[in-house]
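Thanks, everyone, for making the time. I would like to walk through the salt bridges and the sheet in the structure that I am about to put on the screen, so please keep the viewer open while I talk.

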Amino acid sequence: MSRILIVEDERKIARFLALELEHEGYETETAYDGREGLEKALSLDPDLLILDLMLPELSGIEVCRRLRHGSDVPIIMLTAKDDVSDKVMGLDMGADDYMTKPFAIEELLARIRVALRKPRAGKTANMPAEKDTVLRAGELTLDPGSYTVHYANEPISLTKKEFDLLRYLMEHHGKAVSRDDLLTDVWGYDYAGDTNVVDVYIRYLRNKIDVPYGIKTIQTIRSVGYMFSYEEE
Ligand code: CA
């Protein structure tokens with residue numbers, strides 16, 4: 001029997017969902033704020049999460065982001081309004097699907113069945129994304145299998161090192177990474193002191209991606225290094 005964790009602060013909706021899901025033969029657990037939701041997601045190891053975005057304590061986006069560090073549990077987000085930026089951010093943070101409230105329960109049930117059928121790398125395994133998983137942020141995609149990068153289906157030509165750097169940054173989406181870490185992990189050796197090379201390559205990437213497409217993907221984090229996060233200008 002699949003166990004579904006419902007994270008929803010509106011008790012009427014949470015109760016309605018629990019009743020409907022139990023009627024369908026699922027086991028359910030409920031959490032009423034983001035912090036409780038994150039704790040239960042980690043401790044109960046559910047098979048699927050229904051995650052409201054507007055939550056007290058921790059937002060649904062933040063719950064999603066933190067969970068994705070070590071879990072590939074399917075997540076279906078619930079958004080109160082037809083807010084495109086919330087959905088995009090949620091999907092960028094690793095949610096599998098979303099539904100806009102109010103929704104038909106039959107549609108949610110159908111999406112739950114689809115999400116539960118998808119093969120998973122391993123329940124809450126502490127593993128990085130699969131080797132050839134295509135990385136996406138907005139219209140930007142990076143395919144490690146074919147070594148290609150596209151913006152809105154338009155290919156972007158990168159050198160091997162630029163590609164490796166972008167891939168590393170995208171894999172650490174939303175996390176600040178230091179120049180030293182980039183040197184060690186992307187260049188593959190302890191580069192004695194000279195972190196200028198990182199700045200140079202970051203500039204190459206910005207000139208090939210951010211400048212021509214009017215987006216902002218690589219943020220400078222003062223006195224730390226850089227962070228990948230996707231923003232439309
Ligand atoms: Ca809510």
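K160 and D164 form a salt bridge, with their closest N and O atoms 2.7 Å apart, and I should say straight away that this comes from a predicted model. Both residues belong to helix α6, which covers residues 160-171, and they are four residues apart, or about one turn of the helix. Are these two partners buried or exposed? K160 counts as exposed because its relative accessibility is 51%, and the cut-off for that class is over 50%, whereas D164, at 16%, is buried, because that value falls under 20%.

There is a second pair with this spacing in helix α2, where E36 and K40 lie four residues apart, again about one turn of the helix. Their side chains meet in a salt bridge at 3.3 Å, N to O. Here E36 is partly exposed, with a relative accessibility of 24%, and K40 is partly exposed too, with a relative accessible area of 22%.

As for where helix α2 sits, the helix spans residues 34-44 and lies across β1, β2 and β3, running at about 145° to β2. That brings me to the sheet itself, which is open and made of five parallel strands in the order β2-β1-β3-β4-β5. The edge strands, each pairing on one side only, are β2 (27-31) and β5 (97-100), and neighbouring strands are turned against each other by 20° on average, with direction ignored. Within the sheet, β1 (residues 3-7) pairs with β3 (residues 48-52) in the parallel sense over four bridges, and the bridge partner of V7 in β3 is L51.

Which salt bridge, then, links distant parts of the chain? R3 forms one with E27, their closest N and O atoms being 3.9 Å apart, and this pair joins strand β1, which holds R3, to strand β2, which holds E27, across a separation of 24 residues. R3 counts as partly exposed at 24% relative accessibility, and E27 is likewise partly exposed, with a relative accessible area of 35%.

For the whole model, the count comes to 15 salt bridges. I have shown you individual pairs up to this point, but there is also a network of salt bridges, which links E8, E10, D52 and K101, and I would suggest that we look at that group together on the screen now.

How values were computed:
Residues numbered from 1 in each chain as written. Predicted model: local features only at pLDDT ≥ 70, side-chain atom pairs only at ≥ 80, totals over all residues. Heavy atoms only, no water. Pairing = 2+ DSSP bridges. Helix = DSSP H or I, 4+ residues; strand = E, 2+ residues; numbered from the N terminus. Axes fitted to C-alpha atoms, helices over the stretch in contact; angles between N-to-C directions. Contact = heavy atoms within 4.5 Å. Salt bridge = Lys/Arg side-chain N within 4 Å of Asp/Glu carboxyl O. Buried < 20%, exposed > 50% of the residue type's maximum accessible area, 1.4 Å probe, protein only.
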